[in-house]
Amino acid sequence: MIVDASGLVLTVNRDLPVSGQIWVRIKGNKPLPARLIGSDQETDLALLKLKGKHNFFRLSLGNCETLKPGDWVLACGNPSGLGFSMTAGIVSAKGRSLPGKQFAEYIQTDAKISRQFRGGPLLNLKGEVVGINIVPEDGNTDAGFAVSSKLAVDVINQLKSSGKVVRGWLGLSVEALTPERSKRLGGAEKMGVLVKQVAPDSPAQRAGLSKGDVILRYQGCPINKPKDLIQRVAASKKGSQVTVTCLRDKKEVDFIIRISARPDSGRAAPPPGYAENLLGVKLVGVTRELKDKFSLPVEYGLMVVELDAGGPAGRAGLLRGDIICEASRLKITGLPDLQKILKGLKPGRGLMLKVNRGDKFFDTALDLP
């Protein structure tokens, strides 16, 4: 979707081509060339700039904070290449988390969001964008999810200014605190998270935090569960000073901490769709639901759900429904594992895979370009 009249386009990272020119088709116009400004692997969002001078109609990013469960929303997409389409539903819940996405929170809706709706806007009844449609990495479309517009605005602004997204870091790990343990420590029944570990020479250690402290508030905002702290820290700017209120020896203590950048912030993400496009397949991670539904004999791996018969995987004999369990003798638990292995291969080298099909396992070699 176009988010700036000059031709800034927000989309999802995984649907972009691995290499070559990016083209954007706009209704009523010929495809226009675009360049990638930057992408954020955590939210799977990418920002493009249409080449040339433009003055497009843009969508307005609305305030998702006013959304309530039960509010009507519309999801926009391009199902099966048929063209612009919409589905309607209500907001089922806000602040949802998805596996492997600790810094993002999502709006859940019962509006139908299939793979072809990914990257399109989720609109309120004023026509404002309150979310960006996504599909979980396991391919589950039983419920619709959208990255909140609040988070999308921050990602857009950072990508515009530097081409990358940098998140704040304290350098500690925390765990949920049971009401009983909180009371024993002298805290409120439903408040606080327990510090499990503090990294050496981290902002938290330099400020004086230690294992066993209970974090009650961050910049005055109550912290009731680990996700509250993780997302507030991630949203804090590098170099800013924050106040963290802790419970120590049954007394509240304020710590002033200068935020650093997460060590992995701003690293280049693997090229969009790198693993799948290179192999000529569409993959989804093996989940408990998939395992139970198809009585799979494996606990991990990537299932082939779409296949280009003329691609490397197709030529090597893979079929839809096959599960890639290992690559180069290393366990594959998700797409990042496969991407890392492929990025480390030298050009022209083959790739050995261990594959599950039905109740049998076999090895096969792929010839890669």
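Biologist: Take a disulfide as a pair of cysteine sulfur atoms within 2.5 Å. How many disulfides does the count come to?

Modeller: This is a predicted model. The sulfur of Cys-76 lies 17 Å from the closest cysteine sulfur, in Cys-64, which is too far for a bond. Cys-64 is in no disulfide either. By the 2.5 Å rule, the count is 0.

Biologist: Which cysteine has the sulfur nearest to that of Cys-64?

Modeller: Cys-64 is buried, at 3% relative accessibility. The nearest cysteine sulfur is 16 Å away. That sulfur belongs to Cys-221.

Biologist: Is Cys-76 buried or exposed?

Modeller: Buried means under 20% relative accessible area. Cys-76 has 6%. So Cys-76 falls under the cut-off and counts as buried.

Biologist: On to charges. How many salt bridges does a search of the whole structure find?

Modeller: Side chains of opposite charge can pair when their charged atoms come close. One such pair is Lys-68 with Asp-71, with the closest N and O atoms 3.9 Å apart. The cut-off is 4 Å, so that pair still counts. The search of the whole structure gives 9.

Biologist: How far apart in sequence are the parts tied together by Arg-167 and Asp-40?

Modeller: Arg-167 forms a salt bridge with Asp-40, with the closest N and O atoms 2.8 Å apart. Arg-167 sits in the loop between α1 and β12, while Asp-40 belongs to strand β4, so the pair ties together parts that are distant by 127 residues.

Biologist: Are Arg-167 and Asp-40 buried or exposed?

Modeller: Buried needs under 20% relative accessible area. Arg-167 meets that, and so does Asp-40. Both are buried.

Biologist: In the salt bridge of Asp-322 with Arg-357, which strand holds Arg-357?

Modeller: The closest N and O atoms of this pair are 2.8 Å apart. Asp-322 lies in the loop between α7 and β22, and the pair ties together parts 35 residues apart in sequence. Arg-357 lies in strand β24.

Biologist: What relative accessible area does Arg-357 have?

Modeller: Asp-322 counts as buried, at 1% relative accessibility. Arg-357 is partly exposed. Its relative accessible area is 33%.

Biologist: Now the strands. Over how many bridges do β17 and β18 pair?

Modeller: Strand β17 covers residues 241–248, and it also pairs with β15 in the antiparallel sense, over 4 bridges. The pairing of β17 with β18 is antiparallel too, with Val-244 standing opposite Phe-255. The number of bridges between β17 and β18 is 8.

Biologist: Which residue in β17 is the bridge partner of Arg-217?

Modeller: Strand β15 spans residues 214–218, a range that takes in Arg-217. Its bridge partner in β17 is Thr-245.

Biologist: In the hairpin of β17 and β18, which residue takes a positive phi near 55 degrees?

Modeller: Most residues other than glycine have a negative phi. The hairpin has 2 residues between its strands. Lys-250, in the loop between β17 and β18, has a positive phi of about 65 degrees. The value near 55 degrees belongs to Asp-249.

Biologist: Where is Asp-44, with its positive phi near 65 degrees?

Modeller: Asp-44 is buried, with a relative accessible area of 9%. Its place is the loop between β4 and β5.

Biologist: Which backbone oxygen does the side chain of Ser-236 reach?

Modeller: Ser-236 is in the loop between α4 and β17. It counts as buried, at 12% relative accessibility. Its contacts include Arg-167, Tyr-218 and Val-242. At 2.9 Å, its side chain reaches the backbone oxygen of Arg-232.

Biologist: Which element gives the most to the largest nonpolar core?

Modeller: This core has 22 residues, and Val-3, Leu-10, Leu-45, Leu-47 and Tyr-106 touch the most other members. Elements that each supply at least two residues include β2, β5 and β8. The top contributor, with 5 residues, is α1.

Biologist: How many residues are in the other core, the one with Leu-279 and Leu-335?

Modeller: In soluble globular proteins, nonpolar side chains tend to be buried together. The other core lies apart from the largest one, and its members include Leu-283 and Leu-366. Its size is 20 residues.

Key. Residues are numbered from 1 along each chain as its sequence is written. This is a predicted model: local features need pLDDT of at least 70, side-chain atom pairs count only at pLDDT 80 or more; totals for chains, interfaces and linings use all residues. Side-chain values use heavy atoms; hydrogens and water are left out. A salt bridge is a side-chain nitrogen of Lys or Arg within 4 Å of a carboxyl oxygen of Asp or Glu. Buried means under 20% relative accessible area, exposed over 50%, partly exposed in between (1.4 Å probe, protein chains only). Two strands pair if DSSP finds at least two bridges between them. A polar contact is a pair of N or O atoms within 3.5 Å; within protein, one must be able to donate a hydrogen and the other to accept it, and residues adjacent in sequence count only if both atoms are side-chain atoms. Contact means heavy atoms within 4.5 Å. A nonpolar core is a set of buried Ala, Val, Leu, Ile, Met, Phe, Trp, Tyr and Cys residues joined through side-chain atoms within 4.5 Å. Lists of a residue's contacts leave out its neighbours within four places in sequence.
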